[in-house]
Amino acid sequence: MPEEPTPEELCRLEDIPDGTGRGFTLRADGAAAGSAPLDILVVRQGDRVVGYVNSCPHARSPLDWTPDRFMSLDGRHIQCATHGALFEIGTGLCVGGPCIGSFLTPVTVTTKDGRVIVPDRTIGSDRAST
C-alpha cells in the first residue's frame, strides 16, 4: 500500500506580508521516489495563499530577481525578472510579456492554524489554491 504524503510546513502566514510573495525549496523526501528538491513561490492575499513552481514558462528561469521579489511594482501581478512577463496572481496566467497565454505551474498550498503548508507536493493540478 502506498505511503500517505506528509504535509510540508513552509512558514507562518504572518511571515509572508500581505500582497507579497516568498520563495521556498520543497525537500525531496516525502515526494515521489527520485524527486529532486523543487523551488516554489507562495503569494499571500489576505488569508489566501497561492503557490507556483518558481520557473517562468518562457525562459525557464527563476521568477525572482532577488530572493522573495516576485511582485510587480504595483503589486497586482507576479513578475518575471528575466523578461518582465506578468502573471495573474490567482490563476498564473501570463497577461503581459513574451509568454502571453501561458501559465505558471501551480503547486497546491493551503493554510491551517495560521501556517502555510504544502499538503502533498501536488504539482500542476489546480490553477489556484486556498
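Is Arg 60 buried or exposed? Arg 60 is exposed, because its relative accessibility is 59% and the cut-off for exposed is over 50%. This value, like the others below, comes from a predicted model.

## Overall fold

The protein chain has ten strands and zero helices. In sequence order the pattern is β-β-β-β-β-β-β-β-β-β.

The chain holds 130 residues, and 37% of them are buried. About 7000 Å² of the protein chain is exposed. Carbon and sulfur atoms supply 49% of that area. Take the contacts between residues at least 6 apart in sequence: 45% of these join residues at least 24 apart.

## Two nonpolar cores

The largest nonpolar core has 16 residues. Leu 41, Val 43, Leu 63, Ile 78 and Phe 87 have the most contacts inside this core. Two elements give two or more residues to the core: strand 3, residues 38–45, and strand 4, residues 48–53. Another core, of 15 residues, lies apart from the largest one. Its members include Cys 11, Leu 38, Val 116 and Val 118.

What does Ile 78 touch, not counting residues up to four places away in sequence? The list is Leu 41, Val 43, Tyr 52, Leu 63, Phe 70, Met 71, Ala 85, Leu 86, Phe 87, Ile 89 and Leu 104. Three of these names, Leu 41, Val 43 and Leu 63, also appear among the core residues with the most contacts, as does Phe 87.

## Leu 38 in strand 3

Leu 38 sits in strand 3. Strand 3 gives two or more residues to the largest core, yet Leu 38 is listed in the other core, the one of 15 residues. Leu 38 counts as buried because its relative accessible area is 16%, and the cut-off for buried is under 20%.

How far apart in space are Leu 38 and Asn 54, C-alpha to C-alpha? The distance is 8.4 Å, for a separation of 16 residues in sequence.

## The loop between strand 4 and strand 5

Arg 60 lies in the loop between strand 4 and strand 5. Ser 61 is in the loop between strand 4 and strand 5 too; strand 5 spans residues 77–79. Ser 61 is buried, because its relative accessibility is 15% and buried means under 20%. Arg 60, at 59%, is exposed.

The backbone of Arg 60 has a phi near 60°, a positive value in a residue other than glycine. Ser 61 is in contact with Asn 54, Ser 55, Cys 56, Cys 80 and Thr 82, leaving aside neighbours within four places in sequence.

## The loop between strand 9 and strand 10

Asp 113 also has a positive phi, of about 55°, although it is not a glycine. Its place is the loop between strand 9, residues 110–112, and strand 10, residues 115–118. Is Asp 113 buried or exposed? Asp 113 is exposed, because its relative accessible area is 68% and exposed means over 50%.

## Largest pocket

The largest pocket has a volume of about 160 Å³. Its lining is formed by Trp 65, Arg 69, Phe 70, Met 71, Ser 72, Leu 73, Gln 79, Cys 80 and Ala 81. By class, six of these residues are nonpolar, two are polar and one is charged.

Some lining residues recur elsewhere in this report. Phe 70 and Met 71 line the pocket, and both touch Ile 78. Cys 80 is part of the lining and is in contact with Ser 61.

Methods: Residues are numbered from 1 along each chain as its sequence is written. This is a predicted model: local features need pLDDT of at least 70, side-chain atom pairs count only at pLDDT 80 or more; totals for chains, interfaces and linings use all residues. Side-chain values use heavy atoms; hydrogens and water are left out. Helices (H or I, at least four residues) and strands (E, at least two) are DSSP runs, numbered from the N terminus. Buried means under 20% relative accessible area, exposed over 50%, partly exposed in between (1.4 Å probe, protein chains only). Contact means heavy atoms within 4.5 Å. Accessible areas come from the Shrake-Rupley method with a 1.4 Å probe; for residues, only the protein chains shown count as cover. On a 1 Å grid over the protein atoms alone, a cavity is a set of points where a 1.4 Å probe fits but cannot get out, and a pocket is an open set with protein on both sides within 12 Å along at least five of seven lines; lining residues have an atom within 4 Å of a point. Grid points are joined across faces, edges and corners, and a volume is the space filled by probe spheres set on the points. Ala, Val, Leu, Ile, Met, Phe, Trp, Tyr, Cys and Pro count as nonpolar, Asp, Glu, Lys and Arg as charged, and the others, Gly among them, as polar. A nonpolar core is a set of buried Ala, Val, Leu, Ile, Met, Phe, Trp, Tyr and Cys residues joined through side-chain atoms within 4.5 Å.
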